[in-house]
Structures are given as C-alpha cells and as structure tokens.
Amino acid sequence: MRTTAQHTTVAKTLRAVALRRRWQWRWQLLAVICGCVLSGCGGGAAPVSSQSTKDSDAVALSAAVAGPTEPWFRPLADLPIPRNFHVSDPTSFEMPGIMGSGCTLTDIDRDGRLDILLVPGDSRPEVAAGQAGLCCVLQQQPDGGWRDVSEQAGLRVPGFGMGCFTADIDNDGDADAVTTGSRGVLLFRNDTGHGHIRFVDVTAESGISDSRWATAAVLFDYDRDGWLDLFVTHYVDYFPGSICADGTGRRDYCGPQSFQGTTDLLARNLGSAGTAFRFRDTTISAGLARAQGKGLGVSASDFNGDGLMDIYVANDMEPNFLWIQNSEGQFTEEAVLRGCAVDLQGRPQASMGVSRADLNQDGALDLFLSHLRGETNTWYRQTSAGFFLDDTGRSGLGEPSRNQTGFGTVVSDFDLDGNVDVAVVNGRVMRAPLLQPQPAATHWQEYAESCQLYVGTGPGRFSPHTGDPLQQLVQVSRGLASGDIDNDGDLDLLVSGVSVPAMLYENVSERRGHWLMVSAVSSQRPGPAIGARITVCCGDRKLVAEVQHQTGYLSGSDPRVHFGVGNTQTIDWIEVLWPDGAAKAERFSGVHVDRAVELKQGTGQTLEGVGGQP
C-alpha cells in the first residue's frame, strides 16, 4: 500500500527495510533468469504488434502529447445514498478506513436495468463495535431514476465493508451476493420477487466460516460441474488499534509491511449434490495454502489455454500470484516463471486493482494493474499462452501514473473507435502535498488525488485524456465499475471513495464508431457464462474479451461484454469459447452492429479442436 508509513518502533522499521533490500536483488535475478529462458537472452522483448522499434519510439513520443479535450463523461445528479453511509473516522487511523470500499453494478431484479450495490464503511469506534452496517441498494426505475431499497434488501455487513460481488450461486436465475470486509465473508441468497428486492443471509448454512480481513472475491466454476465456486483474497493479519507514523513522526495509516500476510480461500460449491448454498473449503486440498500473500485484486480465467480455470492474485508490496490448475484440481503458483509476479526490474509492486483485457488487440488477453504513487501502473502483455512481459514503458500508461496511487481500473472502448481505453481512479494512502491548496484543509484532502483517463491511439498505445469531468474529481477514490446504465450502447462508470458518496458518470463521448453488447448463456446453468471468451471478427480485426463479474478493485461490473467496433458496418461472426472444459467453441453469424445480442450455448456452429488461445 505504501513505502514510507512506518512503525514507531525504529528497530522494526530497520529490519523491514533490510529484509526488503535482501529480497529485492533476488527477485531481480529471478526476472533476468526467466527472461533468458523465455527469450533465449538473444533478442530482447518481442515488439508490440508488428511495429518496428523505430516506429514504437515515434509512437511513444506522440503518446506524451495530451489526448482529446472533449468530455467523455458527465456526472449525473446525486444518487439517493444515505448520509454518513461511508465514514472513515479521521482520528482513529484504522487501516481498513484508508483502504476504502468498492462498488457494483448488476441487475438484481432481472428487469433489464442495472442496479447499484454499495457496502458500508464506518470505522468510528462507537459504530464499528456495534450493529452491522446496512448496504446501500439502489434500484433503477423505468424512467432512469433511482429508488433506495436498502432496508427491504436487508444486506448487512459487520465491521468495515470492502466489496460486494454478485452472481447466480444457486442456479435459480438471479444474482446472489457475496460481501467482504474487515470481519470476513458473508453470503446472501437473492429472494427478490413481485417487485420487492430482498436478500437472505445464508452464511451460517453455507459452511463458510471466515472472519479474516477479506478483500476481493470472484465466483467461477473451477471444477466444471455447473456450479459457481468461490475464491476470496485476504489482506493482512491486522489487529485494530495499531499505531503507525509517517516519516516526520506524525500519526498515519499503517502499511502492509507492518503485518503478516495470510492465505486466501477457495470454497467448492456442493450444489451438484443437491445442497444449495453449501460449500466445502478446498484451500488446502487444492494446494492454495502453500503461499501467503496480501491480496487486494483477483482475476479468474483460463490463463494458459488448457481449458481449466486459473487464478491471478494482485498482492500489495509482495510478488503477485498466478495459480495454474492441473487436471486433478490442484493449483501451482507460477507467477515468477510466467512473468507477471514483479515488474521489469524484478521488484514487487504495491498492486491494488487488476483488469484482464486485450490491450494491444493481438487476440491474447493481457493484465493491467494499478499501483502505488512512486511506482507506475503496469501492463503485463501476454506473449504466448500463459506467459507475460512487463511492456508498460512503450504503452504510454506508465509515466503519467507515477505520481498517483491507483485503485479501481476499467479497460474498455469508451468512444467506440475500435481501440480500448483505460480509466483509473486514484487516492493516496499516506500524506502528500495538497493538489488543491486551501486555507483550512480537511483530513482527506491530504490524501486526495485526481482520476485518470487514457485514450487508446492504436494497439497497445495510449495517451492521457485531458479536460474530462471525471479527471476533475479530486478525492480518495477506490472502486470503479462499468456498465451500460441507460442501455444506449456505451459504457458508463460508477466511482466509490473514502468518506464520500458514490458518483455515477454518464458516457457522453462523441461516438467514433459502432458498438456491440454480447450476453453469453451457458447450457450448464442459467445466467452469464462466467469465464466464456468471446471473439468478434469484423473484417481483418478480431476483438477479444471475457465474461466477468468482478473487476478492478473490490468492484463488480455489468457481465454483458461490450465491444466498440469502430467504423465497421458488418460483424462477420462471433466465436464463443465456453468455460465448461470441453475446449470447444461455437461460431455465430448474422449479428449486426449497434445492438445487444444473446448467444446461447448449443445454438451456434460447433468448432472442433479450438484451444483456449486464438
């Protein structure tokens, strides 16, 4: 989370610094060795796309020039969020309070309109020790307005809430919920009906007992039995009341280096045995207890193309994990070998949010991670099936982020020109000079930062967007979720922060092309086929994305997959690689631009022998 927050005990600080220096050269050596293995130590890094080094230098120079100045996003009217819904006590300096909470966009009542879920965060002692806080649930109305249905929804989270993640756990067709927070994990069954949104706490009957500080969670079918399993990242073994100070001796928030990391949680859904909402902890038997980390972000996907779901964990100030699954349901941690554990210099970074997307449009899904001020956000380009290279330097995504602390991330085509763009929301975790000096600065202004937008100028190339209202938002931002709120074909954004109300931003960018929204429905279970890989072919271009609920930092986005297809008028075909382990894909034709389509497994042309990578 940060590098300068220290324990007041000088001896502990010196030991921590010495330990990090001792490990730093080891990771650097490992990175060099792995680089030699993968590239033969002969030709250096492979170029992005097919451009020459000379061309890439020219593009990198042009990327330093500011991008378009016309607004892309417009803040909408205030959402009906209760006052003091998210309050981090500025006098307590409790660590969960600075880490903040995410946000979620999902269709709770299946009416075709996205709704909003927000977890409460309140670190005031008189509140933190009392009754569980009520999640904020906003139901979108037919006229586009919002109705607060929090009381009837009944989602309550004890302690400081971190995230809320939705998916159909019991295969009844609606989105259930998993919440994470400083006091652990809770599961809720969606009992919405007859216009009334209602959730029921089923944690006790689920078999999951987890009171550790839980952060990111992802629901996915790792054993391919048609029921969604649960993976949860844990942060640090934190004890309330810990006292830390900054470099000047002033009280400040503790950093992750002050505490031990913990193991994450994998729980298998036993629904196939007729026990809805019953899970079994398989963390140890699956091999995931072999490593301890400080996880803040997670992405579940078939990373190496063998038809099995793997797990990527973004760790804070420690090497990231890439758990590769084998045919026996066992996971092996291979992030160092596969090039996505540390940066190009072999240094662990303070990883917060993670997005999986094809940034350079080569048909392979990459990783984009947000990081601490003083570091840069990182693009791990996929070079071959399941192997990555830190290619941030030539992308234009690095230097503009060096003075920001990134959390929530979204990678998508906001202006529909056929190139993906990047949004990152920021907020410090330790004091720094004010960005907006004022005579009487508040506590949180010392931690406030502006948000960032990056315009995709070509495959793997980005330049900063300037002058957008989203970038004028200076606060301690944390969560970022995307979805087509108004069903007009472009993606809108929801932003959450520390001790500030969540804000909704409507996409008002000039449309530079056409769009396509794809819903992929599995034959195994109702609802979105989480993990399905979708390829859209239009002319000589192939656009690739995956069906995912969880995204960025502690947030959940619209599971419909959105594509900007540029000026193309015709979709040649859409290919869906289903996540059921059969390694088969189906091809669908007759799809037109500027519309939402639903693709059902078993209704397309089956393509035999299709692997997990294009």
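Q: What average pLDDT does the protein have, and how many of the residues, in percent, score at least 70?
A: The model is predicted. The protein averages a pLDDT of 86, and 84% of the residues score at least 70. As pLDDT is the predictor's confidence on a scale from 0 to 100, these values describe confidence in the model.

Q: Which residues have a pLDDT below 50?
A: Residues 2–66 do, and the model still gives this stretch 83 contacts beyond near neighbours in sequence. Over residues 610–614 the pLDDT also stays under 50, with 19 contacts beyond four places in sequence.

Q: What makes a residue count as buried, and what percentage of the protein does so?
A: The relative accessible area has to be under 20%. Of the 614 residues, 60% count as buried. The accessible surface of the protein comes to about 22,800 Å², and carbon and sulfur atoms hold 52% of that surface.

Q: What percentage of contacts with a separation of 6 or more joins residues 24 or more positions apart?
A: Such residues account for 62% of these contacts. The protein has seven helices and 47 strands.

Q: Why is the set around Met99, Phe220 and Phe231 called a nonpolar core?
A: A nonpolar core consists of buried residues of types that include Met and Phe, joined through side-chain atoms within 4.5 Å. Met99, Phe220 and Phe231 belong to the largest such core, of 44 residues, and touch the most other members. Therefore the name applies to this set by definition.

Q: Which elements give two or more residues to this core?
A: They are helix H3 (95–99) and the strands E15 (214–220), E21 (295–301), E22 (310–315) and E23 (321–325). Another core, of 23 residues, lies apart from it; Leu516, Ala532, Cys538 and Phe563 are among its members.

Q: Which residues does Phe231 touch, leaving out those up to four places away in sequence?
A: Among them are Ala216, Val218, Phe220, Leu266, Leu288, Val298, Ile311 and Val313. Asp264 is also in the list.

Q: How do you know that strands E36 and E37 pair?
A: Pairing requires at least two bridges between the strands. Strand E36 (residues 492–497) and strand E37 (residues 503–507) have three bridges, in the antiparallel sense, so the requirement is met. In E37, Met503 is the bridge partner of Val495.

Q: What makes E2 and E35 edge strands?
A: Strand E2 (73–75) and strand E35 (477–483) each pair on one side only. The open sheet has four strands in the order E2-E37-E36-E35, with antiparallel pairing. From one strand to the next, the twist averages 25°.

Technical notes. Residues are numbered from 1 along each chain as its sequence is written. This is a predicted model: local features need pLDDT of at least 70, side-chain atom pairs count only at pLDDT 80 or more; totals for chains, interfaces and linings use all residues. Side-chain values use heavy atoms; hydrogens and water are left out. Buried means under 20% relative accessible area, exposed over 50%, partly exposed in between (1.4 Å probe, protein chains only). Contact means heavy atoms within 4.5 Å. Accessible areas come from the Shrake-Rupley method with a 1.4 Å probe; for residues, only the protein chains shown count as cover. Axes are lines fitted to C-alpha atoms, for helices over the stretch in contact, and angles run from 0 to 180 degrees between N-to-C directions.
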